[in-house]
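These are my notebook entries on one structure. I record below what I looked up, topic by topic.

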Amino acid sequence: MTEPSPPDVTDDADIDALLREMDLEAKVGQLVGTYVGKMGEEKTLADAKAEVRDGVGNVSPFGIGISTRDNPVEAAETANELQRVAVEETDHGIPLTIPVDATHGHAYLNGASVFPHNVGIAATRNGTLAERGGRITGKEMAATGATLNYGPTCDVARDQRWGRVFETFGESSLLCGELAAAQIRGLKESVGVTAKHFPAYGRPERGEDASVVEISESTLRRRYLPTFEPALEEGVDAVMPCYNAIDGEPAHSSERLLTDLLRGELDHDGPVVSDWGGVDHLYNDHRTADGPETAAWQAFNAGLDVVSVGGPRYVEHLLDLVEAGEIAEKRIDESVRRVLELKRDAGLFEDPYADVEAADPLAGEDSIEATADAARESMTLLKNDGALPLSPDSDVLVTGPNADDLHHQFGGWSVMDESDLSGTTVREGIETVCEGTVTYEKGTSVTEEEDIDAAADAAEDADAAVVVLGEDWYIHEFGPQGMTRPTGEWPTRTDLGLPEAQQELLEAVHATGTPTVLVLVSGRPLSTPWAAEHVSGLLMAYYPGTEGGTAVAETLFGEHNPSGTLPVSVPRSEAHLPTHFDYLRHPTPIGGDEHPDSYDPLFEFGHGLSYTDFEVGVPELSTAEMGPEGTLTVEIPVENVGERAGEKALDLFVTDEVSSRVTPNREHVGFGKIRLEAGERGTVAMEIDGDDLAVRAAGYERTEPGAFTFSCEGGTAELEVVSERR
């Protein structure tokens with residue numbers, strides 16, 4: 001049977017013609033979305049279809065509480081069913097935008113390729129992996145009818161307590177911007193892309209999700225905007241504001257941020273789409289609006305284009321506002337045009353339907369191997385007293401709440417119910433790699449003791465113990481409430497240490513005298529000073545995804561030589577926050593010798609060990625002098641002086657020795673990676689231009705003449721930036 005066709009829209013003239021045909025109600029419907037699921041008010045598929053008939057132009061049928069999430073084929077059929085309603089049962093026949101939060105693969109569907117979360121991808125220092133992951137994610141999204149990714153996350157994580165650290169590429173603006181851009185290039189081959197959460201979500205007060213962000217204009221421009229600029233240069237289709245208020249203005253209703261900055265200064269010409277309930281927050285939480293109609297007036301006059309899940313009530317609010325003259329119809333037309341352009345560019349007017357057969361199976365062998373490659377490169381060895389790699393014929397105890405649970409291993413924004421997930425746990429990975437006897441005792445849940453004595457007894461008889469601890473599934477503020485644990489139960493933003501039960505398990509196993517290796521499966525850098533001092537080995541696995549267990553096992557037993565490096569500093573405790581490598585320089589009035597270090601983490605940004613040894617030489621600059629708009633190449637020599645092949649990741653920093661404004665002690669301006677055989681030498685080259693050295697402040701952005709010091713692993717090189725008049 002031939003599918004009904006949407007309007008013929010291929011160019012701007014067709015969009016002009018379609019706009020002329022649409023009445024006001026049809027127009028505002030394109031600016032409103034709805035959802036299927038249990039977040040807030042529960043909405044069934046039938047509810048969503050009724051809302052589409054009422055004119056809603058965007059539907060989110062993927063995510064928490066949705067019955068199709070375990071079945072990619074059913075998900076594709078559901079998307080097609082929604083599209084048929086839009087095409088067949090509305091006067092205009094305009095297809096739907098169908099967005100999804102595919103933050104580390106299309107992970108709300110069982111059988112998808114689940115990659116390490118972005119913080120793990122950042123540990124690889126490998127943009128090619130980020131782009132490959134985006135390409136696979138986009139392909140699997142399209143196979144199930146999703147048309148727009150609500151990602152990637154461009155936020156820079158500046159508070160380790162925050163519950164969304166794992167969605168970011170870490171604390172470095174450079175890593176966040178460059179790796180998000182790489183992911184975008186892959187995604188755009190199949191689906192639309194949204195950069196979120198503009199402009200500064202990653203340092204909420206108290207680490208409390210969506211709380212106010214108290215930053216200066218200078219900090220906004222130096223630390224936060226650079227993470228979005230590469231994404232915008234890649235041509236993202238949409239931008240999503242953050243929930244927070246900045247300088248007293250909620251981002252969702254700030255003309256200064258959405259119009260003057262985003263559209264005017266940064267030249268974004270696509271839609272601005274609300275984050276879930278961001279418009280409702282204006283009257284429910286920020287209290288800058290007295291009700292939903294006022295909130296809609298504020299948001300659209302500020303520059304918002306789509307209320308992502310507002311439903312028909314926001315269609316009515318927008319109609320009332322236009323009819324009352326509070327919002328000009330010309331303003332509505334601007335937003336509708338952007339939405340229609342997005343749908344045209346996504347190919348929805350040509351064919352809005354998913355190929356259901358392409359969803360079975362969703363992930364092929366090549367894409368599963370891609371998740372394994374990404375997980376392998378993310379493995380970050382923080383400590384090794386010589387116990388690692390383990391001997392293949394060792395008898396090994398595997399214990400801990402994260403040793404045999406794929407839900408914990410996937411982390412948030414993925415299937416989290418009782419589904420029989422596809423993937424390899426740490427326990428399964430070790431059982432595959434280890435040739436000796438593998439004994440498994442869970443020991444504890446995430447927060448409760450189960451049988452620590454049994455784990456300790458098993459450790460007594462083992463050659464080595466692998467204790468797999470950390471966090472489980474959560475999103476936002478360690479919830480949602482009631483889905484995984486009572487609100488306030490660990491993990492929480494007030495506690496970066498291990499919960500008591502997990503700490504007791506670790507200490508009991510260590511007390512047996514058996515060499516003990518701690519593997520952390522976690523969304524945030526947990527503060528584990530006792531473990532750092534006492535255990536034989538410490539491996540940071542992040543949330544490693546589908547084949548995380550394979551990557552962990554291969555790393556522990558030496559089949560894979562780790563090369564991951566920390567993208568986020570690990571603080572010694574909550575009291576040491578804020579802890580980040582690029583703090584602003586400041587006086588030490590009582591004297592430097594008596595002043596504690598400003599940056600004294602448990603493990604620093606960029607830390608990561610290997611099973612071989614590398615010698616890193618002094619950076620070599622292609623020029624010792626250049627103008628403010630010049631470019632140079634920094635080459636860093638590396639030699640593998642160990643006995644096995646390995647990869648070495650390098651981070652390049654620069655210090656502006658004298659500047660007109662206070663600048664950081666160092667800025668991250670380059671990263672690269674090289675693979676070397678034992679005894680082999682090579683060079684990592686990084687391109688730097690004048691903009692990378694600029695002072696960014698309120699109303700001021702300039703690369704100033706003067707001395708700059710580049711540094712990498714203890715080696716330094718000097719550059720002089722000279723005035724163009726010189």
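**Entry 1: An aromatic cluster**

I began with Y474, which is buried at a relative accessible area of 0%. The model is a predicted one, and I read every value below as computed from it.

I then looked up the ring neighbours of Y474. F166 and Y474 have ring centres 5.4 Å apart and planes at 75°, so I entered the pair as edge-to-face. F166 belongs to the loop between strand 4 (148-149) and helix 7 (173-187), while Y474 belongs to the loop between strand 12 (464-470) and helix 18 (500-511); the pair therefore ties together parts that are 308 residues apart in sequence. F166 also counts as buried, at 0% relative accessibility.

F166 has a further aromatic partner in Y543, again edge-to-face, with 5.4 Å from centre to centre and 80° between the planes. I located Y543 in the loop between strand 14 (537-540) and helix 20 (548-556); with F166 in the loop between strand 4 and helix 7, this pair ties together parts that are 377 residues apart in sequence. For Y543 I noted 0% relative accessibility, which means that this residue counts as buried.

Which residues make up the cluster around these rings? I found that F166, Y474, F478 and Y543 form one aromatic cluster. For the structure as a whole I noted 11 aromatic pairs.

**Entry 2: Charges over rings**

I looked next for charged ends placed over rings. The charged end of K196 sits over the ring of W413, at 5.7 Å from the ring centre. In a second case, R661 has its charged end over the ring of Y700, 4.4 Å from the centre.

**Entry 3: Cysteines**

How many disulfides does a search of the whole structure find? The search returned 0 disulfides. I then checked C712, which is in no disulfide; the nearest cysteine sulfur belongs to C176 and is 19 Å away. A disulfide requires sulfur atoms within 2.5 Å, so I entered C712 as unpaired. C712 is buried at 1% relative accessibility, and C434 is likewise buried, with a relative accessible area of 8%.

**Entry 4: Nonpolar cores**

I turned to the nonpolar cores. The largest has 178 residues, and L340, I430 and L556 have the most contacts inside this core. Helix 7 gives the most to the core, contributing 7 residues. I took I430 for a closer look: leaving aside neighbours within four places in sequence, I430 is in contact with V398, V438, V466, A553, L556 and F557. Another core lies apart from this one and has 21 residues, including L632, I674, M686 and L693.

**Entry 5: Strand 10 and its partners**

V398, listed above as a contact of I430, led me to strand 10 (residues 396-399). Are the faces of strand 10 covered or open? Both faces are covered: V396 and V398 on one side, and L397 and T399 on the other, are all buried. I noted as background that side chains in a regular strand alternate between the two faces of the sheet.

I then recorded the pairing. Strand 10 runs parallel to strand 11 (residues 438-441), and 4 bridges join them. L397 has T439 as bridge partner in strand 11. Strand 10 also pairs with strand 12 in the parallel sense, over 4 bridges. In this pairing, T399 stands opposite V467 of strand 12.

**Entry 6: A mixed sheet**

I next looked up a sheet of 5 strands, which is open, has mixed pairing and follows the order 17-25-24-19-20. Strand 17 (625-626) and strand 20 (667-676) each have a single partner strand and stand at the edges, so one side of each is left without a neighbour in the sheet. Strand 19 (residues 646-656) pairs with strand 20 in the antiparallel sense, over 9 bridges. Within strand 20, L676 is the residue opposite G646.

**Entry 7: An exposed alanine**

My last query concerned A511, which is found in helix 18. At 65% relative accessibility, A511 counts as exposed. I also recorded a C-alpha to C-alpha distance of 9.4 Å between A511 and E460, which are 51 residues apart in sequence.

Note on methods:
Residues are numbered from 1 along each chain as its sequence is written. This is a predicted model: local features need pLDDT of at least 70, side-chain atom pairs count only at pLDDT 80 or more; totals for chains, interfaces and linings use all residues. Side-chain values use heavy atoms; hydrogens and water are left out. Two strands pair if DSSP finds at least two bridges between them. Helices (H or I, at least four residues) and strands (E, at least two) are DSSP runs, numbered from the N terminus. Rings of Phe, Tyr and Trp (its six-membered ring) pair if their centres lie within 6.5 Å; planes under 30 degrees apart count as stacked, over 60 as edge-to-face and the rest as tilted. Buried means under 20% relative accessible area, exposed over 50%, partly exposed in between (1.4 Å probe, protein chains only). A charge sits over a ring if NZ of Lys or CZ of Arg is within 6 Å of the ring centre and within 35 degrees of the ring normal. A nonpolar core is a set of buried Ala, Val, Leu, Ile, Met, Phe, Trp, Tyr and Cys residues joined through side-chain atoms within 4.5 Å. Contact means heavy atoms within 4.5 Å.
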